[in-house]
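Biologist: Before we discuss this one, please put the sequence and the structure up. I will ask about the metal site, the ligand and the sheets in turn.

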Amino acid sequence: MIDDLFSRLDSEDQRREILADGAMLLHGCAHAQAPALLAAVDEIAAAAPFRRMQTPGALRMSVAMSNCGALGWISGRQGYRYSPLDPDSGRQWPAMPAVFCELAQKAAAAAGFPGFTPDACLINRYEPGSKLSLHQDKDEPDLGAPIVSVSLGLPAVFLFGGLQRKEPTTRLLLAHGDVVVWGGPARRRYHGVQTLKQGLFPETGNCRINLTFRKAGPPGRQ
Ligand code: MD3
Ligand code: FE
């Protein structure tokens, strides 16, 4: 199965690249699944529409978000947390589609994290002008589980820093179909996304969609 998904690796422009200890970029690995992933995003957004959440400091994020899976990441005046309910509707988040789950599992396994079962998928939508400031992902109790990210649509410049905010960052272009697995020591590193530039990508409505697959439930219940 892994061979299926990664059969194009090591040919054409398909390659695996180690970015850091625990972080592996699988170039274009979701390219073939992209139409199915985007159709599923549309269905999820019909039930749980994209919204720009407030930060604890009462600022509105420029990135619009939705979620699918048992748990969804939410932000508000009270802080950040994972919730089984969409606060806008009071209902559960849409179920995680099989095409999402399988891609995340296979990518994690290919990067050395077999047995990864995401229970949360945060869906970020960037429009030209949107950005994500440097931050750490530490709202998940099980930091031993990796995060798998899938980039779709317009390319973005990703910033990858160190374990402290003040450390220098390296830039990385994340393009349509790119998948990155962030585990081990890389899991706790600061990261962000530079302001998205205008571009043409009609399949996503000239925006960028990023899926991040997470294990947000308690450790030891994989
Ligand atoms: C490195 N999203 O949702 S994906 C986020 O492109 C987030 O929307 C960005 O950062 C985006 O929290 C970046 C790549 C990514 C995701 C999680 C990480 C890189 C990471 C967690 C730890 C280290
Ligand atoms: Fe993050």
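Modeller: A residue is near a molecule if one of its heavy atoms lies within 4 Å of it. Keep in mind that this is a predicted model.

Biologist: Of the 19 residues around ligand 1, which come nearest?

Modeller: With that 4 Å cut-off, 19 residues surround ligand 1. The ones that come nearest are Asn124, Tyr126, His191, Arg208 and Arg214.

Biologist: Which side chains place a polar atom 3.0 Å from an oxygen atom of ligand 1, and how much of ligand 1 does the protein bury?

Modeller: A polar side-chain atom of Asn124 lies 3.0 Å from an oxygen atom of ligand 1, and a polar side-chain atom of Asp137 also lies 3.0 Å from an oxygen atom of ligand 1. For Asn210 the corresponding distance to a ligand 1 oxygen atom is 3.2 Å. Ligand 1 taken alone exposes 490 Å², and the share of that buried by the protein is 98%.

Biologist: Which residues coordinate the iron ion (ligand 2), and how are they spaced in sequence?

Modeller: The iron ion (ligand 2) has His135 (NE2), Asp137 (OD) and His191 (NE2) as its coordinating residues, at 2.0 to 2.2 Å. Along the sequence, the spacing of these donor residues is H-x1-D-x53-H.

Biologist: Is Asp137 buried or exposed, and what is the state of His135?

Modeller: Buried means under 20% relative accessible area. Asp137 has 10% relative accessibility, so Asp137 counts as buried. His135 has a relative accessible area of 21%, so His135 is partly exposed.

Biologist: In what order do the strands of the four-stranded sheet run, and which of them stand at the edges?

Modeller: The sheet is open and its pairing is antiparallel, with the order β7-β12-β9-β10. Each edge strand has a single partner strand, so one side of each is left without a neighbour in the sheet. Neighbouring strands of this sheet are turned by 20° against each other on average, direction ignored. The edge strands are β7 (132-135) and β10 (170-174).

Biologist: Which residue in β12 stands opposite Phe158?

Modeller: Strand β9 (residues 156-160) pairs with strand β12 (residues 191-193) over three bridges, in the antiparallel sense. Opposite Phe158 in β12 is Val193.

Biologist: What is the strand order of the seven-stranded sheet, and which strands stand at its edges?

Modeller: This open sheet has antiparallel pairing and the order β1-β2-β11-β8-β13-β6-β3. Its edge strands have a single partner each, so one side of each has no neighbour in the sheet. They are β1 (16-20) and β3 (64-69).

Biologist: How many residues of strand β8 are buried, and which residues stand opposite Val148 in β11 and β13?

Modeller: Strand β8 (residues 147-153) is mostly covered, with seven of its seven residues buried. β8 pairs antiparallel with strand β11 (residues 179-182) over four bridges, and six bridges join β8 to strand β13 (residues 208-214), also antiparallel. Opposite Val148 stand Val181 in β11 and Phe213 in β13.

Biologist: Where is His27 found, and with which side chain does the side chain of His27 make a polar contact?

Modeller: His27 is found in the loop between β2 (23-26) and α2 (34-47). Its relative accessible area is 14%, so His27 is buried. Glu17, whose bridge partner in β2 is Leu25, also meets the side chain of His27. The polar contact, at 2.9 Å, is with the side chain of Glu17.

Technical notes:
Residues are numbered from 1 along each chain as its sequence is written. Chains are lettered from A and ligands numbered from 1 in the order in which they are written. This is a predicted model: local features need pLDDT of at least 70, side-chain atom pairs count only at pLDDT 80 or more; totals for chains, interfaces and linings use all residues. Side-chain values use heavy atoms; hydrogens and water are left out. Two strands pair if DSSP finds at least two bridges between them. Helices (H or I, at least four residues) and strands (E, at least two) are DSSP runs, numbered from the N terminus. Axes are lines fitted to C-alpha atoms, for helices over the stretch in contact, and angles run from 0 to 180 degrees between N-to-C directions. Buried means under 20% relative accessible area, exposed over 50%, partly exposed in between (1.4 Å probe, protein chains only). A polar contact is a pair of N or O atoms within 3.5 Å; within protein, one must be able to donate a hydrogen and the other to accept it, and residues adjacent in sequence count only if both atoms are side-chain atoms. Donors are N, O and S atoms within 2.8 Å of the metal (3.2 Å for Na, K and Ca); water is not among the atoms, so sites may look incomplete. Accessible areas come from the Shrake-Rupley method with a 1.4 Å probe; for residues, only the protein chains shown count as cover.
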